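Reader: Could you walk me through this protein model, step by step?
Author: Gladly! Here is the structure, and then we can take your questions in turn.

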Amino acid sequence: MNGKALAKFLAAIAIIVAAFIYFIGPLAQSIKQGLDLQGGTHIVLEAEDAGENKVTDDAVERARQILERRINEMGLAEPLIQREGKKRIIIELPGVKDPDQAIKTIGKTAVMEFKDENGVVHLTGNDLKDAKEQIGQNKQFMVGIEFTDAGAKKFGDLTTMNVGRHIGIYLDGEQLTNPVVNEPITGGKAVITGSQTLDDAKNLAILLRSGALPVKVNVLEVRTVGPTLGQDSKDKSVTAFAVGIGLIVAFMLVLYRVSGFVATMALLIYVLALLAVLHFLDATLTLPGIAGIILSMGVAVDANILIFERFKEEVQVGKTLRMSMESGFRRAFATIVDANVSVMITAAILFVLGSGPVRGFAVTLGLGVLISMITAVFVSRYLLRMLIECNLTNHPFWYGANVSPTATMELYKKGGKK
């Protein structure tokens, strides 16, 4: 027995286990969770032609960007806004329990117009520079607006020509207020009254700041996932994850003994590395994504199984443990690459052609397979080298060979069954 090598091996194992215990919780909690895990509102919008405003790829993309600005202005935590197909926009709002209120704010076209008494439009929302909710005298809720330089001049001219007359302010054709101009307003600022609550004023300010949608959007689907259902899904996912790791570990230990123990340590590193990559990519984890992770864990140990089977074959022909290990990794490498590349191609196809949950599954599966190949080839190899250097035992049984632990090496090499 090599005491120095054994101490080095045990230290490496202790570091891996300690790192797993210390980091697994924070990493898992740091990854954003989808609606199916924490609850919230799922909204599907579809753009449609409206007069001269035709649905084009550019128009839908600009609409998505405007909707994203509106939602960010609402201060919602970790929203998801993405396109689906040519006309649809998917919006997921975690924690939002009142979808109607959210739709009122994000779904409006928000075309703002300033009209004189003859209905002539003199200014639009494009002339605005900023808008903020305010509380005026007598606790009156209003929106303070500031015009651009060009807009300030237009508004000054409009109020100068209409002293003593009404100027209507409209949003999507609906009149917000219709005040009488008492004197010219040339400072480039004004207020819009008529809001019933401060939240109404805030939502109106958000619409004005974000700008008008270039096309009309209709709500096709609204789905709300309650927090209780989301927590139940999360609990079941954690259970499935734990059971998956437990069964894999048991399988590897029973069939491959100390080699299986090495594969288990590599699996712990794989889980930490995958969660760290998902955190770095700011990914949103959903139920299909968790399914992809659990499936990729099976793929991770599959590479180890190929290596260990080659390892057993090399030992049986009479090579030493060290030579068998090196040869087994070398012989299995091409097979591992071929198998993993085929899975990654499948994941890429799912990501390109799929949408929503399917893409989440594809991302976690593809990343998992890539990381598992690295941990299986490099981490397992390094740990197995360290284990063999410890010289605890040279008997092939403890490395997964199908032979009795009491059989001699000579009988095993000749194919004996004792």
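Reader: Which residues form a nonpolar patch on the surface?
Author: This is a predicted model, where local features need pLDDT of at least 70, side-chain atom pairs count only at pLDDT 80 or more, and totals for chains, interfaces and linings use all residues. Residues are numbered from 1 along each chain as its sequence is written, and side-chain values use heavy atoms, with hydrogens and water left out. Patches take residues with over 30% relative accessible area and no salt bridge, joining like charges within 9 Å and nonpolar side chains (Val, Leu, Ile, Met, Phe, Trp, Tyr) within 5 Å. With about 640 Å² of accessible area together (Shrake-Rupley method, 1.4 Å probe, only the protein chains shown counting as cover for residues), the patch members are Val 341, Ile 345, Ile 349, Phe 351, Val 352, Leu 353 and Val 363.

Reader: Which helix gives the most to the nonpolar patch?
Author: Helices are DSSP runs of H or I with at least four residues, strands are runs of E with at least two, and both are numbered from the N terminus. Six residues of the patch come from one helix, the one spanning residues 321-353. That top contributor is helix H9.

Reader: Is Ile 349 buried, partly exposed or exposed?
Author: Ile 349 is found in helix H9. Buried means under 20% relative accessible area, exposed means over 50%, and partly exposed is in between (1.4 Å probe, protein chains only). At a relative accessible area of 46%, Ile 349 is partly exposed.

Reader: How far apart are the end C-alpha atoms of residues 360-384?
Author: The unreviewed UniProt entry lists residues 360-384 as a "transmembrane region", along with others including 261-281; such annotations may be inferred rather than shown by experiment, and feature names are shortened, with positions in the numbering used here. Residues 261-281 are 95% helix and 0% strand, with end C-alpha atoms 31 Å apart. Residues 360-384 are 100% helix and 0% strand, and their end C-alpha atoms lie apart by 34 Å.

Reader: Which residues does Ser 372 contact, leaving aside its neighbours within four places in sequence?
Author: Ser 372 sits in helix H10 (residues 357-390) and is buried, at 1% relative accessibility. Contact means heavy atoms within 4.5 Å. With those sequence neighbours set aside, the partners of Ser 372 are Tyr 270, Ser 296, Val 299 and Ala 300.

Reader: What distance separates the centres of domain 1 and domain 2?
Author: The bounds come from an automatic or database domain assignment. Domain 1 covers 3-36 + 226-416, and domain 2 covers 40-224. Taken over C-alpha atoms, their centres are separated by 53 Å.

Reader: How many residues apart in sequence are the parts that Arg 88 and Glu 46 tie together?
Author: A salt bridge is a side-chain nitrogen of Lys or Arg within 4 Å of a carboxyl oxygen of Asp or Glu. Arg 88 and Glu 46 meet in one, at 3.5 Å from N to O. Arg 88 lies in strand E4 (residues 88-94) and Glu 46 in strand E2 (residues 40-48), so the parts this pair ties together are apart in sequence by 42 residues.

Reader: Which residues do salt bridges that share partners join into one network?
Author: Arg 83 bridges to Asp 57, with the closest N and O atoms 2.9 Å apart. Arg 64 and Glu 68 meet in a salt bridge of 3.0 Å, and both lie in helix H3, four residues apart, about one turn of the helix. Through shared partners, the network joins Asp 57, Glu 61, Arg 64, Glu 68 and Arg 83.
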